[in-house]
Amino acid sequence: MPYLGSEDTVRELRRALSNPSVQSDQLRYRNIILKVIRAMSQGVDVSGLFSEMVKACATVDIVQKKLVYVFLCSYAALNPELSLLVINTLRKDCQDPNPMVRSLALRNMTNLRLPSLVEYVEQPLTAGLRDRAACVRRVAVLGWAKLHNLQPNSDIDAAVVNELYGLLRDPDPVVMVNCLRALEEILKEEGGVAINKPITHHLLNRLKETDVWGQCEVLRILQRYRPQSEDELFDILSLLDASLVSPHPPVMAATLSLFLSLCSSMPAVGLAALERVRGPLLAACGSTSRELRFTALCHIQLLLRSLPGLMGAHYKRFFCGYAEPAYIKQRKMQVLVELVNDENVAMLLDELKGYCTDVNTDTAQAAISAIGRIGRSYSDRCLEILTGLLGLKQEHITSAVVQTMRDLVWVCPQCSSTVCLALEGCEETLQDSQGRQALLWLLGVYGERVSSAPYTLEVFIDGVRSEGSPGVKMELLTTTMRLFLCRPAETQDMLGRLLQYCIEEETDMCVRDQALLYYRLLHCGIEETRKVLQGRRSDPSLGVLIGRPAEPISQWACSFNTMEPLRQGAVETESASRGSPEHVTFDPKANTDLSDTLTCSQVENVHSGSDGANRCADFSADILASSVVVPLSLSLSPALGPEQFERLWLPRQVLHAEQGAEKKEGEEGYVCLEECVQCPAIPHCSPQSLQAAMQLVNIQTLAFTPPHTLPWRVYLYTHTRRARSGDTPHSTLILGELLYTGKADMKKGMADGAVAVEEGEEASAGGPSGRESLGEDGEKEVKVTLKQQPRDDKALKEFFSILTTILHTLSSDRN
């Protein structure tokens, strides 16, 4: 907004600029022009001085020229007709012997941004491309890009484009980079500058001559080029090797992005490049710039998706500093969760425990949430810390701990006993709605184990009229109903009062509708209510894998060195702002990378003397007998979450237990295969080794029991894809369970290759139904159960062959 009295200021400046005595004194004249620029920067409208300032540009004083050009470029759009008066002066300056004057005139001629002046600008720009001074060529090259931006629908002469391509070999590196930028803008509709082999090698050989941002520009544009041979690829990688460990983080990131783009078909080379950049990334994490530190942390999280152990030995570099901002502390804690292992878990938990009392409540709650995620694998240690934090009696800490315990028992039900003991007295400290919802959910699911559950619930029901959160009211309804089913005598009166209030007095329609639903459900009988509210829960013997499985580099390579890692939210699998765990939905990834799939023909059979290997050979013979079917490929996309897996697996498991191999109506296209594989060392191998081996062939392990635990289980899944001749690709989903009981009561078929099939159609031909005891070798066998939908017998047998090969390989490595 212009200052008051600006008219008087403009009047005084005009009088001074028109004063002949001032114009004759060069220093005084420059000072008056400087006052005009100062007034302009302070918000005074000085556009009325345009004609006086046009006269002032006719000078040999370079400083005065720069000041006048700043004014003219700011107000040229408001005075297009008067701007024509300055063109002759600018064109004259373009022929000045001083290269600084020539470059200054060219720059401001294009900065006027007036379509009516285009015809006067083209000739000086064309001459500027051939100027002997590099500074003039730099300005002229970018001037053509500005000219194209001013008139995007007009075509620039092909001779100019060819001349710009020729300037890519200019001896000045800045001119070369400016040519790339200008051609990118001019040829945007055609896909940008054309990159061929000569241009690529020329740019790479001159990469060290350019500055940091010039190198980033060159490396970004080179991502379009694809080498014509493997030798050429390694020549390019050799030229990029020095830039990969550059002390400048932008150059290092751009080089790594180019590495990953070039090596998309060579994962081993990409992994080696990630190892090389570990040092520069760690150095960037210690930068004095907060923005650079945060960016480096986000990209490290991206790298850990493919190399979980990349920063394992340097976990102390991610400890939080006292003066660091909260957003950096929270990112560091997310990285620490990814780096936890048996050796450092004690130190990491002790460090995170210190962050739980941070003065910033968001940081403290993020630390508590991080401890909860570590608790999925180290539940005893983490529960001890969480229980101790409840003793602090601080509102935000208690709320975060209760929510974390709620999430922990959802994925690790074996922790429920400890959590139930810790809940006593928590309701007195909880004030926020999220914490109260978490406490109510725990009381509803495990209310029969908490002695004071009805009395705690009564406090909530008595204060329901003053409760402002609809989410708490809805959770209170569900909890009271669940507690009524297991402790009816203590809860019946409370439930009646709560339903009466919610139906007759509650104004929130969601709460009222839920109360009506429960009221009508009770009229259907206790058994029907119990079926709805007390569904099947997770197997308490299972432990969910911590962190994420190792992903192929190709899944995130395109987002490296972009803003995408910074925009991504927290890496937690659940949000702290949600309610009950049952309300979580899983959003599978839709992208599929066929280059990451592995064909069955690439897996070799080992231990051919074992029974399992013989069965694999039989299955492989069946596969090879068919000449129409293309080799099987496995894929992890679309991803399957633990909740989705449980919904798909448990109904099949119940069906199998109740009806055996009998036909079930409504289950068409579903098939189940059970076999025993001799691999006694598998239940004793580390979860990390098992997970890595499965990931190698695109099989995802979702849950497992710890080693040396009986019964030992592993749950897994994958998608099979096969393209039949003349048809579209056929895809099936396979769910699997590995079971080891340690007892000699497992069954196997009477002959090699026997399978038990239960499906909606006819059973597989030739599959015997008889079973006999294993004898004394039974405890050495792992039972493999596979469930497939839709049915594809050949794909199921081929997948079993791959899985058996992996198990035998791991068992032999263990031995």
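How many disulfides does a search of the whole structure find? The search finds 0 disulfides. Keep in mind, as you go through the views below, that this is a predicted model.

**View 1. Two cysteines that count as buried.**
Let's start with cysteine 420 and cysteine 502. Cysteine 420 has a relative accessibility of 5%, so it counts as buried, because the cut-off for that word is under 20%. Cysteine 502 is at 0% relative accessibility and therefore counts as buried too. Neither belongs to a disulfide, since the whole structure has 0 of them.

**View 2. Helix H27 and its two sides.**
Here we look at helix H27, which runs over residues 453-462. Its buried residues are Ala453, Pro454, Thr456, Leu457, Phe460 and Ile461. Why do these residues lie on the same side of H27? They cover an arc of only 160° around the axis, and that puts them on the same side of the helix. Now turn your attention to the other side of H27, where Tyr455 and Val459 are exposed. What do the buried residues of H27 pack against? Their partners are helix H26 (433-446), helix H28 (470-486) and helix H29 (488-504).

**View 3. Strands E4 and E10, a covered pair.**
Strand E4 spans residues 671-678, and 7 of its 8 residues are buried. Strand E10 (residues 781-789) pairs with E4 in the antiparallel sense, over 8 bridges. E10 is mostly covered as well, with 7 of its 9 residues buried. You can pick out individual bridges here: cysteine 676 has lysine 783 in E10 as its bridge partner, and valine 677 is matched with valine 782 in E10.

**View 4. The largest nonpolar core, around valine 46.**
The largest nonpolar core holds 193 residues, and Val46, Phe71 and Phe318 touch the most other members. Helix H16 (residues 249-262) supplies the largest share of this core, 9 residues. Which residues is valine 46 in contact with, leaving aside its neighbours within four places in sequence? The list is Val10, Val36, Ala39, Met40, Phe71 and Tyr75. Phe71 is worth finding in this view, as it appears both among valine 46's contacts and among the residues that touch the most other core members.

**View 5. A second, separate core.**
Finally, look for another nonpolar core, separate from the one in View 4 and made of 32 residues. Among them are Leu690, Val697, Ile699 and Val782. You have already met valine 782 in View 3, as the bridge partner of valine 677.

Notes. Residues numbered from 1 in each chain as written. Predicted model: local features only at pLDDT ≥ 70, side-chain atom pairs only at ≥ 80, totals over all residues. Heavy atoms only, no water. Buried < 20%, exposed > 50% of the residue type's maximum accessible area, 1.4 Å probe, protein only. Helix = DSSP H or I, 4+ residues; strand = E, 2+ residues; numbered from the N terminus. Arc of directions from axis to C-beta. Contact = heavy atoms within 4.5 Å. Pairing = 2+ DSSP bridges. Core = buried A, V, L, I, M, F, W, Y, C linked by side-chain atoms within 4.5 Å. Disulfide = S-S within 2.5 Å.
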